Amino acid sequence: MTHLALMTQHLDQIFVLTSHWLLSYLPIALQPLCSAILSVAAIIIAFATLFALTTLLERKGLGRMQNRYGPNRVGPCGLFQPLADGVKSLTKEDIVPIRADRAVHFMAPVLLVAASFMGYAVLPIGRNMVMVDMNAGVLFFFAIGSLMELAVFMAGWSSRSKYSLLGAMRAIAQMISYEVPLVLASVVVLMQAGSLSTVAIVNMQATYSGIWPHWFVFTPWGFAGFALFMIAATAESNRSPFDLPEGESEIIAGYYTEYSGFKFALFFLGEYIGMFATSGMAITLFLGGWSAPFSFLTWIPSYFWFFAKLLTIISVFIWIRGTLPRLRMDQLMNLAWQFMLPMTLLNLLTTGIWHFMLPGFLRWIVCSTMVIVPCILLGSGLKYKKKFQIRTYHFSQ
Amino acid sequence: MSTATLAAASLNLEPANESGMDQLLEIAMGPQHPSTHGVFRMNVVLDGERVVRLKPVFGYLHRNHEKIAENETYLGSMPYTDRLDYMCPLTNNWAYALAVEKLAGIQVPERAEYLRVITGELTRLQNHTCLIGFLMQDMGASGTPLMYAFRQREIILDLFEALTGARMMCNYMRFGGCRVDLPAGWLDQAKKVVAGFPRFLDEYESLLVSNEILMDRTQDVGVLSKELAISAGISGPMARASGVDYDIRKVDHYSIYDRFAFRVPLGSHGDVYDRFMIRLLEMRESVNILQQAMRDIPEGPIVDPKTKIRGFRPKPGEAYGRIEGPKGELGFYLVSDGSPNPYRYRVRPPSLINLTILEDLCLGRNVADIVVILGSIDIVMGEVDR
């Protein structure tokens with residue numbers, strides 16, 4: 001029995017142990033540097049592979065939703081499609097508009113990809129698998145996240161194209177507006193966990209009562225926070241139905257209209273990596289990070305659970321993209337400031353009340369009511385203001 | 001002079017003041033743009049994202065259709081009419097055949113009339129499904145409604161292929177009837193397709209009609225008043241969405257539409273949502289007509305053997321034949337001078353006339369709205385530019 005436990009433990013820690021074993025051959029002075037390089041390489045390889053798989057999954061999934069096959073020509077079942085895409089984007093001509101600001105135009109995709117990868121420094125991918133256990137990890141994550149806005153604006157501005165500029169304007173307005181509810185929705189977790197460290201937040205959720213885990217999403221405020229966080233994250237990563245900055249049918253491709261070849265692919269990569277990072281943060285904050293969903297499943301390695309949760313969230317993103325039309329700019333802003341912001345603020349209050357009430361049935365009722373009733377009231381109030389209706393039509397004879 | 005001032009000057013915009021002019025941005029949406037439905041261009045002047053001025057530019061697809069037809073025999077331009085509105089070739093054929101039959105006084109046998117109604121209404125079904133798919137695509141629904149629409153359109157195109165030999169360029173009608181009779185088993189297949197259509201419509205409606213984002217994007221957007229619709233000569237589903245009770249099938253009693261019981265849905269708001277809903281309701285009525293026509297279709301010749309189809313010389317005179325096409329009133333005006341060619345040949349394309357009010361609908365709206373409004377007008381550039 002102990003033998004089995006030891007084996008699962010080793011399987012869980014296989015990457016950490018391998019890294020330690022490799023580093024042990026190096027002089028002590030070089031070890032911190034090499035450790036960092038090793039982690040960075042691992043993260044880049046893992047998430048770039050995930051990006052490749054996700055593009056395939058997205059195209060296949062959308063294809064199935066839309067009653068078509070999706071890519072199925074390259075390799076078995078189209079499995080090598082991402083490789084073909086990579087080769088294609090590398091061999092394409094790199095066009096820079098003649099009046100573009102060449103330096104900024106070049107730097108924008110690089111900065112976007114760099115910024116989107118930096119967030120992973122604080123994401124715990126598995127037990128003991130985090131690059132930097134920073135005591136202000138969540139803060140660092142959001143600070144880095146706002147670098148992406150800079151990259152987007154650089155791209156839009158330096159292209160000297162009207163569509164790029166319109167796209168950049170939309171992107172800046174959208175990303176800044178949704179950063180407010182995004183951060184406020186995650187503050188509830190910080191209040192409850194009492195720490196900004198991502199590792200501490202996950203450790204707090206990785207305990208069980210009976211078979212049930214203590215994930216924050218299984219509380220009224222946590223659930224509301226998770227829902228709000230995910231809506232804001234969708235907008236933050238420019239996914240449908242909030243894909244206005246690159247709304248294809250309106251402004252061609254938004255801020256990266258004037259990019260081609262590998263720079264275009266870098267934008268694509270940056271967007272997906274950013275999406276994974278925000279989803280990873282949602283998992284860390286609300287869905288228990290790398291912890292297993294039931295206590296009897298803890299023998300499965302922790303990193304498996306992290307990626308399983310990540311893929312689930314990505315699938316939901318794809319599903320939404322296949323279903324919903326796009327919002328308009330003013331509707332997007334109204335949603336952010338009239339619905340998301342009041343709800344996140346109210347959620348803060350609910351969390352405070354939850355914290356100071358005694359554990360038991362009563363606090364569940366009080367806090368659930370505090371979340372659900374205003375949500376319904378606010379939602380139907382806003383809907384009433386817009387005078388939506390499913391109309392009835394009459395016929396002439 | 002700044003670019004904005006130049007842009008405004010080129011559009012004869014009165015500058016309110018110098019500082020105000022610098023706020024404007026001119027964008028040429030099209031001719032290469034993902035959602036202008038072909039090679040159409042809109043010179044848009046924007047204040048932020050708000051439309052201050054919009055100038056449609058047509059003509060990128062002009063192919064001199066009308067002049068070519070004047071140098072061609074009457075029958076010779078029949079295949080050309082397929083290319084006008086390439087989404088619905090059969091109704092184009094029909095309108096042209098109707099005009100020539102009026103001009104030359106040709107009678108159409110009963111069975112041919114039924115065939116025309118059946119193919120015409122099938123055309124309406126596939127045009128409307130596609131239009132709604134395109135509209136949703138313009139709205140950013142990333143393909144799903146469009147692919148659903150195309151799945152259904154494909155079934156109807158298969159029927160066209162079996163009947164006429166071509167999926168899109170059908171060239172099926174002839175003066176005094178149709179080119180070929182139904183192949184064996186076609187009618188049963190068509191009955192099956194039509195019987196399955198309401199199920200598709202139910203599915204489509206459950207996906208779209210009560211979608212909140214769709215309602216938000218379309219209700220009270222691009223409102224066309226009844227007065228403007230009438231004075232601008234708007235026709236078809238677009239006019240009916242504004243509450244104009246005008247359906248040429250009911251007004252003209254052409255062909256055999258009198259024999260079928262069907263209703264004409266009318267909108268009351270005249271916005272994009274109404275235009276979208278009217279088309280959905282019209283499809284249900286078309287299914288009704290189709291079911292009645294396929295039940296009642298008689299045996300008999302599809303064209304009177306004594307009718308001269310080619311090389312005839314109509315007496316000098318003029319004729320205007322029009323039908324209720326899927327997009328609106330589709331008319332052909334012909335003047336004969338007694339020769340085998342028409343002296344004057346003119347098309348009244350519904351797409352072009354409906355497009356003329358684009359600026360009125362778009363002023364003060366967003367860039368995102370322009371695309372949706374344009375999509376709801378239902379244009380095909382082959383017909384606008386001819």
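**Interface and strand pairing in the predicted model of chains A and B**

In the predicted model, chain A and chain B together bury about 4100 Å², of which 55% lies on carbon and sulfur atoms. To this contact chain A contributes 35 residues, while 57 residues come from chain B. For the model as a whole, the scores are ipTM 0.82 and pTM 0.85.

Polar and charged interactions were examined across the boundary between the two chains. Between chain A and chain B, 13 residue pairs are found in polar contact, with both residues of each pair at pLDDT 80 or more. The side of chain A that touches chain B draws at least two residues from each of α8 (162–193), α11 (248–251), α14 (329–356), α15 (361–386) and β3 (394–396) of chain A. Sorted by class, this side of chain A comprises 13 nonpolar residues, nine polar residues and 13 charged residues. The salt bridges between chain A and chain B number four; one salt bridge joins Arg328(A) to Asp369(B), with a separation of 3.0 Å between the closest N and O atoms.

The two chains are also connected through strand pairing, in which β3(A) lies antiparallel to strand β6 of chain B (residues 264–266), with three bridges between these strands. Within this pairing, Ser396(A) has Val264(B) of β6(B) as its bridge partner.

Over all chains, the search of the whole structure yields 38 salt bridges. Among the salt-bridged pairs is that of Glu70(B) and Arg344(B), whose side chains meet with an N to O distance of 2.9 Å. This pair connects distant parts of the chain, given that Glu70(B) belongs to helix α3 (residues 65–70) of chain B and Arg344(B) to strand β9 (residues 342–348) of chain B, with 274 residues separating the two in sequence.

Strand β9(B) also takes part in an antiparallel pairing with strand β8 (residues 328–336) of chain B, to which it is joined by six bridges. In this arrangement, Arg348(B) of β9(B) is the residue opposite Gly331(B). The hairpin formed by β8(B) and β9(B) has five residues between its strands, and Gly338(B) in this hairpin adopts a positive phi near 90°.

With regard to confidence, the mean pLDDT of chain B is 86, and 94% of the residues of this chain score at least 70. Residues 1–19 of chain B, by contrast, remain under a pLDDT of 50 throughout, and for this segment the model contains 21 contacts beyond four places in sequence.

Notes:
Residues numbered from 1 in each chain as written. Chains lettered and ligands numbered in written order. Heavy atoms only, no water. Contact = heavy atoms within 4.5 Å. Buried area = accessible area lost by both parts, 1.4 Å probe. Polar contact = N/O pair within 3.5 Å; in protein donor to acceptor, adjacent residues only side chain to side chain. Helix = DSSP H or I, 4+ residues; strand = E, 2+ residues; numbered from the N terminus. Nonpolar A, V, L, I, M, F, W, Y, C, P; charged D, E, K, R; others polar. Pairing = 2+ DSSP bridges. pLDDT = per-residue confidence, 0-100.
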